[in-house]
Amino acid sequence: MPLTGAFADTGIWVERGYRQWAEDVNAAGGLLGRPVELIIYDDESKTENAVNLLTRAITVDQVDLLCGGYPGTAAAAQMAVAEKNQMVYVSMGGHMASFSQGFTYVFGAPPLMGQWWYEGLYGWLATLPEAERPKKAAIFTINNPVGGAILEPMPEKLKALGIEIVVNERYDVPLTDAAPLVTKAKAAEADIFFANGFFPDSVQIVKAMRALDYNPKLIAQGVGSIIPAWVQELGTDGYYVFSGTAVHPSLPFEGISRLNDVAKAKYEAPVAPIYFIFGYAWMQALQRGVEGAQSLDQTAIRDWLKSNQMTTVAGTFTFDERGLPPPYNYLTQVIDGKVELIWPPDVRTKDPIYPKPAWGK
């Protein structure tokens, strides 16, 4: 896991989810009657390290089961290692290309699918009267496979909503200066701004937007605004940002309420952070496969997951031949410091705030 480096703000919450799962399983008697021991290495947010350390876990540590990595760039690379060794690998995946390589031992349970990231946003925007929708979009996307996955469906989706793309650029990380990106969007009079990146670069972008007094109707952000560090770093400047998620602490699934209580007691978090839930759910999915197969045989676990419905704190899933559930994603917005559910309506926790208020309001 990335416990240090660029992706550590998110990675530590996935790790905590893994450790909470292990604690709970052991308190209930273990897995197949055996206690669970976690071996977690810090890959320092480097894909090469993530691959090498997973290989070490399999060949040197000779582990019985694998935990998935983070982010999607690391997960995609680790999938090939898991497949080569014929071991089940449950993670977020990050983009459709990860699941389109013909692998049979990989699962997204739930996935963090880049191509699906703004599905909730598109659904909600379609309900707005055409006159109220944004007219011009500026899109800035991190130059990696996850960013590319988020960007992939956007031209077609925005065109269907009558939104013109006036700026569409990629950027490398570390992002040394976000001001040039923001200046281009402001000059193009874009009234919807997409920051398709991770936590550190998107924080820089929002800070530049505030400094340059650029306030579009809507800001949408990729992976980063749904973790506690977002508001801790930006304060009220991080409010009103829209994003996506496949899990949320307010969803009506068994076990979510308890994880909220655990996160409050252990980490002084108001609710269970989203990536805490992700980590817990991925391990639950693996647990369901092991218990369903009544074996540590990897092929038996894989085959059980492919042919059965199973439930975790993230909901109920079935998997296709790629290891994916049917497409879905929720829309979120940061309101009063909390990540609220906006779409679909049956799970909404707050009404959306749109257009975005002026900075400091």
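The largest pocket in this predicted model holds about 660 Å³ of space. Its lining counts 31 residues. Closest to the centre of the largest pocket are E37, I39, V63, L65 and C67. Three helices each supply at least two residues of this lining: helix 1 (8-27), helix 2 (47-59) and helix 11 (274-293). Helix 2 gives the most, with four residues. Sorted by class, the lining of the largest pocket has 22 nonpolar, four polar and five charged residues.

The second largest pocket comes next. About 490 Å³ of space lies in it. It is lined by 25 residues, and I227, P228, P270, V271 and G337 lie nearest its centre. Helix 1, helix 9 (229-234) and strand 11 (338-343) each give two or more residues to the lining of the second largest pocket. Helix 9 has the largest share there, four residues. By class, this lining has 17 nonpolar, five polar and three charged residues. Helix 1 can be followed from one pocket to the other: it supplies residues to the lining of the largest pocket, and it does so for the second largest pocket too.

How is such empty space found? Rolling a probe the size of a water molecule over the atoms shows where empty space is left.

Now step back to the whole chain. It has twelve helices and eleven strands. Along its principal axes, the C-alpha trace spans about 60 × 35 × 35 Å. The radius of gyration is 20 Å, which agrees with a compact globule, because a globule of 361 residues would have a value near 21 Å. Of the 361 residues, 56% count as buried. Contacts also reach far along the sequence. Among contacts with a separation of 6 or more, 65% join residues 24 or more positions apart.

Helix 2 deserves a closer look. A57 lies in this helix. Is A57 buried or exposed? A57 counts as buried, because its relative accessibility is 11% and the cut-off for buried is under 20%. Leaving aside residues up to four places away in sequence, A57 touches Q62 and V63. V63 has appeared before, among the residues closest to the centre of the largest pocket. A75 is 18 residues from A57 along the chain, and the C-alpha atoms of the two are separated by 15 Å.

Next come three strands that can be traced in order. Start with strand 7 (residues 242-245). F242 and G244 point one way from this strand. S243 and T245 point the other way. All four are buried. Strand 7 pairs with strand 10 (residues 330-335) in the antiparallel sense, over four bridges. One place to see this is T245, whose bridge partner in strand 10 is Y330.

Strand 10 leads on to strand 11. These two strands run antiparallel and are joined by five bridges. L331 stands opposite W343 in strand 11. Strand 10 and strand 11 form a hairpin, with two residues between them. D336 in the turn has a positive phi of about 55°. Strand 11 also belongs to the pocket story, as one of the elements lining the second largest pocket.

The backbone has some further details to find. Two of them are cis peptide bonds. The bond from W343 to P344 is cis, with omega near 5°. P344 lies in the segment after strand 11. The bond from V173 to P174 is also cis, with omega near 0°. P174 lies in the loop between strand 4 (164-171) and helix 7 (179-187).

Positive phi values turn up in loops as well. S45 has a phi near 65°, a positive value in a residue other than glycine. It is found in the loop between helix 1 and helix 2. E268 is not a glycine either, and its phi is positive at about 55°. E268 is found in the loop between helix 10 (256-267) and helix 11.

Which of these two loop residues is buried, and which is exposed? S45 is buried, because its relative accessible area is 16%, under the 20% cut-off. E268 is exposed, because its relative accessible area is 72%, over the 50% cut-off.

Terms used:
Residues numbered from 1 in each chain as written. Predicted model: local features only at pLDDT ≥ 70, side-chain atom pairs only at ≥ 80, totals over all residues. Heavy atoms only, no water. Buried < 20%, exposed > 50% of the residue type's maximum accessible area, 1.4 Å probe, protein only. Pairing = 2+ DSSP bridges. 1 Å grid on protein atoms, 1.4 Å probe; cavity = no way out; pocket = protein on both sides within 12 Å on 5 of 7 lines; lining within 4 Å. Points joined across faces, edges and corners; volume = space filled by probe spheres on them. Nonpolar A, V, L, I, M, F, W, Y, C, P; charged D, E, K, R; others polar. Rg over C-alpha atoms; globule rule 2.2 N^0.38 Å. Contact = heavy atoms within 4.5 Å.
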